[in-house]
Every structure is written in C-alpha cells, then in structure tokens.
Amino acid sequence: MPEQVQPSQQTAGALSTLEARFPGAVQPAEYEGLVIAPDRLVEVATCLRDELGYTYLSCVTGVDYPAPTARFPARLEAVYHLFRATGGPLTLHVHAERDGLGVPSLAGVWPAANVHERETWDMLGIRFEGHPDLRRILLWEGFAGHPLRKDWHEPYYEADHKPFASRYPKGHPLRAEERTPLSCNLQYPPDWSPEGWESEAEVPVYARMDEYAAGDWRSMRTTDQIVINLGPQHPSTHGILRLVARLDGETIQQLEPVLGYLHRCHEKIGERNTWLGNVPYTDRLDYVCSMSNNFGYATAVEKLLGVEVPERAEYIRVIMAELTRVMNHLVAIGFFTNDIGVYLTAMLYALQERELIVDLFEMASGSRMMCNYFRFGGVARDLPEGFLPLAKELVYERIPRRVDELERFLVDNEVFRARTIGVGVLPPAKAIAYGCTGPLLRASGVPYDVRRVEPYSIYDTFDWDVVVRYNGDVYDRFMVRFEEMRQSLRVLRQALERLPDGPILAGKKQADVKVPAGEVYGRVESPKGELGFYLVSNGGTNPYRYRIRTPSFANLGVLGELCRGHLVADVVAILASIDVTLGEVDR
Amino acid sequence: MVGWGILKSLSVTLGRFVMTYVDDLKWFFKGGFGKRYSPAALAVRQSPKGRGIFTVQYPKERLPLPENYRTFPFQVLDPQTGKTRCTACGTCARVCPPQCIWIVRATNPKTGRPAREPAEFHVDVSICMSCGLCAEFCPADALKMDHAYEITADQRDGAFLWGLERLAKPLAYHAEIHPTDYAAEQAARERKGARKKK
C-alpha cells in the first residue's frame, strides 16, 4: 500500500476536536477523513452538525474491501461527505462487517441521508440500523445480491477490468448473448422464485400509503382516500419515474417517488472501465448537460492525478459548462411550461435556442448530446474554426434577447403566476437538511453555489453573482433559472473575450491513465445542482470505487415533502421545478 | 390589471407568428418561391441569424455536418497498397469503453511471427457508443469516425457486426469529410517522410 496521505487541515482540526470529545471513537482514515466507531456515530454526527457547523450532508456511499488493507481488516465501509456553508469536505468512514453488523442510520440527523442510505443498502448491502424505511431503491427484490460488492459478477461477466483479453490479438467476435444465452444468465436470490411471485415491492409502497387505515379516519372524513400511481409512463415525469400518491379528494396526503426504472448499474460498469473509458459514460448520466458531467469527472480525477490544466483548456471548459447551464435552464423552463399546460409554444421557443447551442457542441466535440469532450488535463480537441464567431453571436446577440423574450412571455402571465406562486414552498432549513442543491436551494434563500464556495477550474477569476431568491416556491425556482442564465452569459462574455492561445492538454494524450492510489470527492456545480464524484483508486488503470452523487437523485428526496397538501396538478409543476433527469436519478 | 400579462404573452407569440411570414417574404423577394428551402437559405435559417420557422425539411433537406461529427468508426484504405492502414496494434480495442472492437492479428506465413496488419477486424456497432476514442488514439491514422448516419437494418443478427469489407473506405472519402484533419495528417506524414530520408 502507498504511504499515508496527510489529512487536510480541516480534517485535522475536526479530528482533534472530536478526539477530545469522544476519546477512542475517532481515528484518521487510510487516505482522507476520519474513521468513526459505529456505536458513537450518531453522537459524533450530531456534534458535527450542531457544534462544528457541518450542516450539509452531500453524499452517503460505501466501499467494499473484501481483503484487508494496510491499516484495517476486510470490511464494508460507509462513507459520508459533509460540508459547511463554506468549506469542506469532511469525510467520515464507518466500518461494517461484510456479513452481519451494519452501521447506525443518520437519517435522523440529516434527512438527506434517507435516499442515499437506501441506495447504499441496495448496492452494497450495508445495513443501516434504525433507518425508517430500508428497502431497495434502484433494484427490484428479485435481484440477487448487492451488485457493487467486489465478489458480485454480472450475467455477461468476462473479467474484472477492461480491456478484455478476448478482443485482441485473437479477437474473434462473439456476441454476449451467444456466450451466455438468456436462459442461463438469470440469478435470483436464494429461496426466491419468479413463479407465483407477486410484486412485493409494491406491498411496502402501498403499506406505507395505508397508514390512514389504522387511524380513525372514518369519523373525521366523509370521503375515502385513494392511492394512485403517476407514471412510470407519464408524459410529465420527464422519463420513467413513478410517483405513488395517497389522495384525499384531489389533495396529496402523501407522495413517494419509486425509482430505478432506468437503472443501468452505471457505477459497476464504471469500476470495470478504464479511467478514460468512463468519460463517455458520464455523458449518459444527465444527457441534457453532458459537458457538466464530463467536467465533474475530469475535475475529480485531476485532483487525484495532480495535473495542472492549461489555461486555454480551462477557458474552453468554462465556456462549455456555462453554455450547458444556459441550455439546461432553457430546457427546464421549456419543459416546465409544457407540463403545466402551455403545451409546445414556450418549449419550442426554448428548444430552438438549445438547438443552436448543441450545434456549437457538435462543432467542437463531434456530438450534440454525448459530447465526450473532456480529457484529464484538458479537452479532447481545440475549438474548430468558426466556433468563436458563432458562439459570440449567440452569447452577445441572440440568447440574451431570447431569454428576455421568454421571460416576457411567462413571468407576468396571470395563469403562469397562479400555477406557480406559493406552490411547493421549501423553507431554507428543510432545503439544507434534505441536501438540496442547485436552483432548488438558491430559490429558498440559501446562496450556495459550488463555483463560489469551493471554486474549481478558473471560476474565481470571473465576475458574476450567485443568484438567490427567498420565497422558495415554484415561481422563484424559475426566476432563479432565468437570472442564472443571465449570469452564465456574463461569465461566457468574459471567457470568450479573454480566451487565451496555448495548449489544450497537459502533457501527451494518454490512453492508459494510471491514477495514484487515494480517494477524492470532486464536485462541480452542474446546472441541476451539486454533482459529486467520489473516486477511490488503488493505483491501477481502473477506478476501485466510482460513485456519483447526482443532484437530481438527492433533490428528488424532498419531493414528497414539497407535494404534501397540494393538488395532483401541482405535483407536475413541483416535479418540473426540481428539474430532474431520470438518466442521472437512476444511473 | 388582470389579463395584461396574458396579453403580453400573446404579443410574443403574435410577434413570432408574424415573423415567420416576414421571413418567408424576405426569401421570396430574394429568389421567388422555393428560395427559402435552398441550401444557401438553410445555412442562414439554422444559424443565430435565423428568424422564421426553424424546421429542417428532412429528408428533403439535410443539415451540413461539421467536420468533427461522428457516428461509427471506419478503416482508411491506403491508395498505394489498397490495404488498410491498420497495423493491428490493438490500441483501439484497448481504449474502446464498451469493448466492441474485435481484432485478429495476422501472422506472417513465412516466419510465423505476428504481422503488422489485421487478419480480421470487427466493430459491433450495436454496442458501439460513438465516443470516438478509437479514432482519437489510433497511432496509424487508420481509424476515423464516419459521417454516415442512415444505417438502419431490418434485422439484428449479424447486420451490426461490421467486418473489414464494410468498414474499409477509400482515403479520398476521409479527405472529403475531414478536410482539416486530413491536411494536418498529410503534413505530419510528409515531415516524418522527410526525417526518414535524412
């Protein structure tokens, strides 16, 4: 194992404080952060939240170590990433036995932990004791095992890491289906059979919905309550998302998203892939803003690699990321209006501008949506001839006017205002507790933007403002998006003006990147919120652990709270105002 | 005043509606009927200067593709030898994220040692994700990304497993669709040739 990395100053500070408070329960982790004894975890977490100011839980995940490492035995590790209003991260590691004892749930300390812990249970089988509802979240209950454990093999398993030896030099093509016929590649949990199976996944969903049956509701109400499903196939869920709602009349009493219909085991694929091979896969997370996903992954890997990105490449990256933000907000506003019944008018106005931006992406990267444009230490290719004049015309002339036009079209419209103002109000305290990020958080009066609190790339050299509004309703979320587009255009104008000449890639183009051992949590402000990549490397050509904290997934955790007491039609408006892409919710 | 905002919204749609006719008339005065649907007009209509209807009348009209546009890889044939430029080094198979490139390296029949050419080269385009990494890292300038996007087939088995006969395309085609890339490549080759002569 490599030599131990020095814990950062902040971690050291937290370590000394916690050691004094909880002697024997805290020790430094192998690479970064602290290892907390499971029995003291809740106390330590409460102390961190209330006394040390770590109010924001960004991500909960886990890592499987089937073999002992330098300082610790074989284990499952739950990993928590905490942030303060400024600064962070503080990484907490909690060890669990691979078969047996779990770790205490932190859902009571940070409600944000709820969905993340469910996912960690689903993927790694870490049992979170005391979790209010520890069910699988992305997979179904007929799924055998926990896929992100290192000893779990997928049906078409070939080798632990790509590249596979069967492809070269004796690569006689063989389709995966021929190698493993469909009938032989199904695995079910022990003593579970698809014969006579009734979807038990539905039972707990509906059981939770049935809590009214226990109460004395008959005496209180003259109407019955019903449970309905919105989706999974529904035009206004932006993908394959199912919402189970319990209604009293037309009022939502309780609502719960059911996820996983688009799950592709992205993280497992990511652990098989080479470091570079993951870049095109990140495009497929949030397919509306692939450049931002590239940016997040490249930022995280570069932190581990320690490469300096050349200045021109940094500018190109910022240009692409901000164009993506403008594009995403246009799409978000367009589809929102579509969902609440403006139908195609405003959406097509927005998509028209988006079309011109994706044309720029196509010019630079070769693809409109699946850009695959970022490389470690730079970008894939230089801007082609004709890119800059076109980009300048868009940024200076066309898009500002069209944003104004779209605003004129919507914000004073009485119908639009009636549908949005006062709907789905998210108070700031709740927004922080649920780990919301992006426009959702900023519309609730919390001026938190990763570009400002933890500037990555060259964002600290630009002059721009963090947009914030204070009512926290659907209307404000849209006004934040309008204003953010203007701020992005402001950054773009500066970037296009100052774009320097020079190399676009640090060093030589490299196919087999080897990343030094370590762990990193790299995050960027994607248009939808904080996009974090938690990477663990053991020094090889493949990630040991590749975890993505996507903004849509985390923001969706608060949907049920937002919808309570509103009408069914408002659910659609609230969901659209959170702006989720199911590609990154289900991964 | 209630209703003012709705009127404001409607004024925007009305403006857009009128604009489509203004745009039509502009092209009519420039060149009569049908001028709006000429390639010259398409380039303007689909640019930031476009004002009227934004639709492209596919398949009657097609958008010009930028040079970097990519669908699936193809093999470049060397005009002198008539064979592919591929040296069967295996770089593309190694970087391919979904592992859809299959290469059988040829052996020299005389010596029995590995030869610098492929005996078989397959791309399973049903798996290919069009990322372009193979072309980006090909050291022999042999793999390039194609511009052909109308490639449907009526069956799945075999139709998407492309061998050398389907992948190989002449150098002139590469030069035509990638002019900048081709020029840079030729310059580099000439430099290399000159260095060898020295």
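Me: How many residues does each of chain A and chain B bring to the contact, and what makes a pair count?

Reply: In this predicted model, chain A gives 42 residues and chain B gives 39 residues. Two residues count because their C-beta atoms, placed from the backbone, lie within 7 Å.

Me: Which helices make up the side of chain A that touches chain B?

Reply: α9 (278–283), α12 (344–365), α13 (387–410) and α14 (414–420) of chain A each supply at least two residues. The largest share, eight residues, comes from α13(A).

Me: What classes of residue are found on the side of chain A that touches chain B?

Reply: That side holds 19 nonpolar, eleven polar and twelve charged residues.

Me: Why are domain 1 and domain 2 of chain A said to be in contact?

Reply: 15 residues of domain 1 meet 15 residues of domain 2 in chain A. They are called contacts because the C-beta atoms of paired residues lie within 7 Å. The C-alpha centres of these two domains of chain A are 29 Å apart. Domain 1 of chain A spans 9–129, and domain 2 spans 266–505 + 523–586.

Me: Which element gives the most to the side of domain 1 of chain A that touches domain 2 of chain A?

Reply: β3(A) does, with six residues. β3 (56–65), β4 (75–83) and α3 (113–124) of chain A each supply at least two.

Me: How many residues on that side of domain 1 of chain A are charged?

Reply: There are no charged residues there; nine are nonpolar and six polar.

Me: Where do the domains of chain B lie?

Reply: Domain 1 of chain B covers 1–64 and domain 2 covers 73–197, with C-alpha centres 42 Å apart.

How values were computed. Residues are numbered from 1 along each chain as its sequence is written. Chains are lettered from A and ligands numbered from 1 in the order in which they are written. This is a predicted model: local features need pLDDT of at least 70, side-chain atom pairs count only at pLDDT 80 or more; totals for chains, interfaces and linings use all residues. Domain bounds come from an automatic or database domain assignment. Helices (H or I, at least four residues) and strands (E, at least two) are DSSP runs, numbered from the N terminus. Ala, Val, Leu, Ile, Met, Phe, Trp, Tyr, Cys and Pro count as nonpolar, Asp, Glu, Lys and Arg as charged, and the others, Gly among them, as polar.
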